[in-house]
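Dear colleague,

Please find below the structure we discussed, with its sequence. My notes on the findings follow directly after it.

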Amino acid sequence: MNYKFTNFENFLKEEYNTDSKILELVYNAENELQSKFKQADEIKQINQCKVLQAMQDARLNASHFDWSSGYGYDDPGRAKVEEIYSRVFHTEASLVRPNIVNGTHAISITLLGLLRPGDEFIEASGTPYDTLKTVIGTNSKSEQNSNFGGTLHEYGVKYKEVPLNKNCGLDLDAIKNSVKKSTRLVAFQRSTGYGYRPAISLDEIEAACEIIHNINPEIIVMVDNCYGEFVNTYEPSDIGVDIMAGSLIKNPGGGIALSGGYITGKRDLVEQISYRLTCPGIGAECGLTYGQNRHVLQGLFLAPSVVNSALKSAMLTGFIFDKLGLEVCPAPFSERSDIIQAIKFQNPDAVVSFCQSIQAASPVDSYVSPNPWDMPGYDNQVVMASGAFVSGSSIELSADAPLREPYIAYFQGGLTYEHGRFALIMALQDLSKKGIINLD
Ligand SMILES: *Cc1c(COP(=O)(O)O)cnc(C)c1O
């Protein structure tokens, strides 16, 4: 056994019997992607400083890692975490809590906190993420049982969707035509979710904001920012968006936050949402942080670097599957606005195999094989590879696919580029052994 490897290629060949053709594919891809990688590194550097400055300007100190008990009144760390988020995102106020259970919860309390019976709410980036359809009350399960769970539909909120245009971008004319002076809230989902489209660019969101606020500056523009944080040097909140929300087990948690979600934006909106997070009258004043402040902040500090690793892993994966003749989204070299790489496998066995390879290359639960299952809130069965330190964390290397045509796998995350790259090599190796891809 040779422990003195200095060359990764030799290591892979000896330890994993990796085909040179796969390595050639990877090295060529990295050469071609060099300018994109460099651009991502510039963004990482700027975001690293932005996060650092926020912590310095907020005078973060070790006492902020302490926490209280019971009601959680005057938790110094909780207030500091929220101040730092507001500084990073250039907003007036934030809610950053470990008891926001996931991204859906963050978005859901945003909508339920801001909308009242009779209000009109428009999703202006087409059909939203599966679990949000359930919150709105428009997916097949809640339509059968629309008086269930207190959906927006059940509360009498009027709902409209503006589909994306032919190029899968925002249809600005259609948005202009459907937004009325009386519209209360217009929402955009930046990332693809389980759609097959590139993420909505910040330029598009900026243009849409201007159109909407020209109709009526009181209309609340909201962005589901899941998977978008730190992909660019600025955020939706920097370009006219009033409120945005996301998950701490995605980008901004940096792989360290154990749980949680954030909401950030205008102070009066954040306050209204806080009454839905806890209850009317109590709002943001209560809520224990369970010792998570350190994790949340250390994660935020690492997030620019982790997002960079995830982005590069996504670029590499997209480039290589495109080269192998599969359809991918976003296309290689395109500008990115989230960390997702979708690959259209057109075949249920291929999509399951790909997810299983990613799981097998994970640090946790590598010896178990994921199978499709009925996830709560989703319409179809989903196969999910997530061998993560934090259960379900998708800023860690993960791949998932709803079992429906055309069998698209969504690949995301990677705490280190080296891990993303290695997992991809293993997946290519498995797919080629099974005859699903052809390396010649
Ligand atoms: C992940 C995600 C959500 C929220 O999902 P959770 O699993 O509830 O955190 C919402 N919208 C988009 C676009 C997402 O990617």
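I begin with helix α3. The buried residues of this helix are covered by elements that include α2 (20-32), α4 (76-89), α11 and α13 (417-433). Please bear in mind throughout that the model is a predicted one. The residues of α3 that are buried are K36, F37, A40, I43, N47, K50, V51, A54 and M55. An α-helix has 3.6 residues a turn, so residues three or four places apart point the same way. Helix α3 itself spans residues 34-57, 24 residues in total. From its first C-alpha to its last it reaches 35 Å, which is close to the 34 Å expected at 1.5 Å a residue. Just after the helix, R59 adopts a positive phi of about 50°.

The seven-stranded sheet

One open sheet contains seven strands in the order β1-β7-β6-β5-β4-β2-β3, and its pairing is mixed. Its edges are formed by β1 (93-97) and β3 (158-161), each of which pairs on one side only. On average, neighbouring strands of this sheet are turned by 15° against each other, direction ignored. Helix α10 (residues 267-277) packs on the sheet and touches β1, β5, β6 and β7, with a direction at about 30° to that of β1. Helix α9 (residues 202-215) lies across β4 and β5 and runs at about 160° to β5.

Strand β6 (residues 243-247) deserves a closer look. How many of its five residues are buried? Five of the five are buried, and the strand is thus mostly covered. In a regular strand the side chains alternate between the two faces of the sheet. In β6 both faces are covered, with I243, A245 and S247 buried on one side and M244 and G246 buried on the other.

The two neighbours of β6 pair with it in opposite senses: β5 runs parallel to β6 and is joined to it by three bridges, while β7 (residues 261-265) pairs with β6 in the antiparallel sense over five bridges. M244 takes part in both pairings, as the bridge partner of V223 and as the residue opposite T264 in β7. A245, in turn, stands opposite I263 in β7.

The five-stranded sheet

A further open sheet has five strands in the order β8-β9-β12-β11-β10, paired in the antiparallel sense. The edge strands here are β8 (327-329) and β10 (382-385), and each pairs on one side only. The twist from one strand to the next averages 20°. Helix α11 (residues 293-323), already mentioned as part of the cover of α3, packs on this sheet and touches β8, β9 (341-344) and β12. The direction of α11 makes about 20° with that of β9. Helix α12 (residues 348-360) also packs on the sheet, where it touches β9, β10, β11 and β12. The direction of α12 makes about 160° with that of β11.

Within this sheet, β11 (residues 398-402) and β12 (residues 408-412) form an antiparallel pair over three bridges. In this pairing, D400 stands opposite Y410 in β12.

Pocket and cavities

The largest pocket has a volume of about 670 Å³. Its lining comprises 33 residues, and those closest to its centre are Y129, K250, Y378, M384 and G392. Two or more lining residues come from each of α5, α6 (130-136), β11 and β12. The largest share, three residues, is supplied by α5.

The model also holds two cavities of 30 Å³ or more. The largest cavity encloses about 60 Å³ of space. Its lining consists of I107, L111, F121, E123, P128, L132, A187, F188, Q189, M222 and D224. At least two of these residues come from each of α5 (103-114), β2 (120-123), β4 (185-189) and β5 (220-224). Which element gives the most to this lining? Strand β4 does, with three residues. Helix α5 thus appears in two places, contributing to the lining of the largest pocket and to that of the largest cavity.

With kind regards

Notes
Residues numbered from 1 in each chain as written. Predicted model: local features only at pLDDT ≥ 70, side-chain atom pairs only at ≥ 80, totals over all residues. Heavy atoms only, no water. Pairing = 2+ DSSP bridges. Helix = DSSP H or I, 4+ residues; strand = E, 2+ residues; numbered from the N terminus. Axes fitted to C-alpha atoms, helices over the stretch in contact; angles between N-to-C directions. Contact = heavy atoms within 4.5 Å. Expected span 1.5 Å × (residues − 1). Buried < 20%, exposed > 50% of the residue type's maximum accessible area, 1.4 Å probe, protein only. 1 Å grid on protein atoms, 1.4 Å probe; cavity = no way out; pocket = protein on both sides within 12 Å on 5 of 7 lines; lining within 4 Å. Points joined across faces, edges and corners; volume = space filled by probe spheres on them.
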